[in-house]
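Trainee: Can we go through this one together? I'd like to start with the pockets.

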Amino acid sequence: MTRKPTPVAFQFEGFENPNTTPVPDVVFDRLLAKLGEAELKALLYIIRRTFGFKKDRDPVSFNQFLRGITTKEGQVQDEGCGIRDRTTLSKALQSLEQKQIIQSEKSKDERGENVTTVYSLRFRSTSQGEEGERKDEIT
């Protein structure tokens, strides 16, 4: 008896020539086995929004994590991190911060309202600069 293949809801159309976001090797070598799915998705999204755009930190809203970015013209830039539940996302971000993998800078505007949280990876204290800050080398 031959089994019918299970229909697949999503089929990827394939990769184009690579344009890349540098992901630190330690993400694959040490963190991949230690992080849960939601933590890994949130971390990779932060890496994309920062290193993928040659920045050390970036303001990322909860809606951006959850739904992605669509331009005013309707062009989808990204589809978010793949987490759809606010509580799951919140717990994942808190866990990444408690594990000292990421840092977040929360602030308020002049009216006392919350502004978008700025996220970055946490760097160890080395010749690159202060703990948590990456310094570009001067040549």
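Trainee: Which helix and which strand each supply at least two residues of the lining of the largest pocket?
Mentor: Helix 2 and strand 3 (76-78) do. Keep in mind that this is a predicted model.

Trainee: How many lining residues come from helix 2?
Mentor: Helix 2 gives 6 residues, the largest share of that lining.

Trainee: How much space lies in the largest pocket, and which residues lie nearest its centre?
Mentor: The space is about 1,100 Å³. Of the 24 lining residues, F12, F15, R48, Q77 and D78 lie nearest the centre. By class, the lining has 9 nonpolar, 8 polar and 7 charged residues.

Trainee: And what volume does the second largest pocket have?
Mentor: About 460 Å³. Its lining counts 15 residues, with helix 1 (residues 25-31) supplying the largest share, 4 residues. The classes there are 9 nonpolar, 1 polar and 5 charged.

Trainee: Switching to the sheet. What is the order of its strands?
Mentor: The order is 1-5-4, in an open sheet of 3 strands with antiparallel pairing. Strand 1 (57-59) and strand 4 (102-105) each have a single partner strand, so one side of each has no neighbour in the sheet.

Trainee: How many bridges join strand 1 to strand 5?
Mentor: There are 3 bridges between strand 1 and strand 5 (residues 118-121). P59 stands opposite V118 of strand 5.

Trainee: Which strands does helix 2 touch?
Mentor: Helix 2 (residues 37-50) packs on the sheet and touches strand 1, strand 4 and strand 5. Helix 4 (residues 86-98) lies across strand 4 and strand 5, at about 115 degrees to strand 4.

How values were computed:
Residues are numbered from 1 along each chain as its sequence is written. This is a predicted model: local features need pLDDT of at least 70, side-chain atom pairs count only at pLDDT 80 or more; totals for chains, interfaces and linings use all residues. Side-chain values use heavy atoms; hydrogens and water are left out. Two strands pair if DSSP finds at least two bridges between them. Contact means heavy atoms within 4.5 Å. Axes are lines fitted to C-alpha atoms, for helices over the stretch in contact, and angles run from 0 to 180 degrees between N-to-C directions. On a 1 Å grid over the protein atoms alone, a cavity is a set of points where a 1.4 Å probe fits but cannot get out, and a pocket is an open set with protein on both sides within 12 Å along at least five of seven lines; lining residues have an atom within 4 Å of a point. Grid points are joined across faces, edges and corners, and a volume is the space filled by probe spheres set on the points. Ala, Val, Leu, Ile, Met, Phe, Trp, Tyr, Cys and Pro count as nonpolar, Asp, Glu, Lys and Arg as charged, and the others, Gly among them, as polar.
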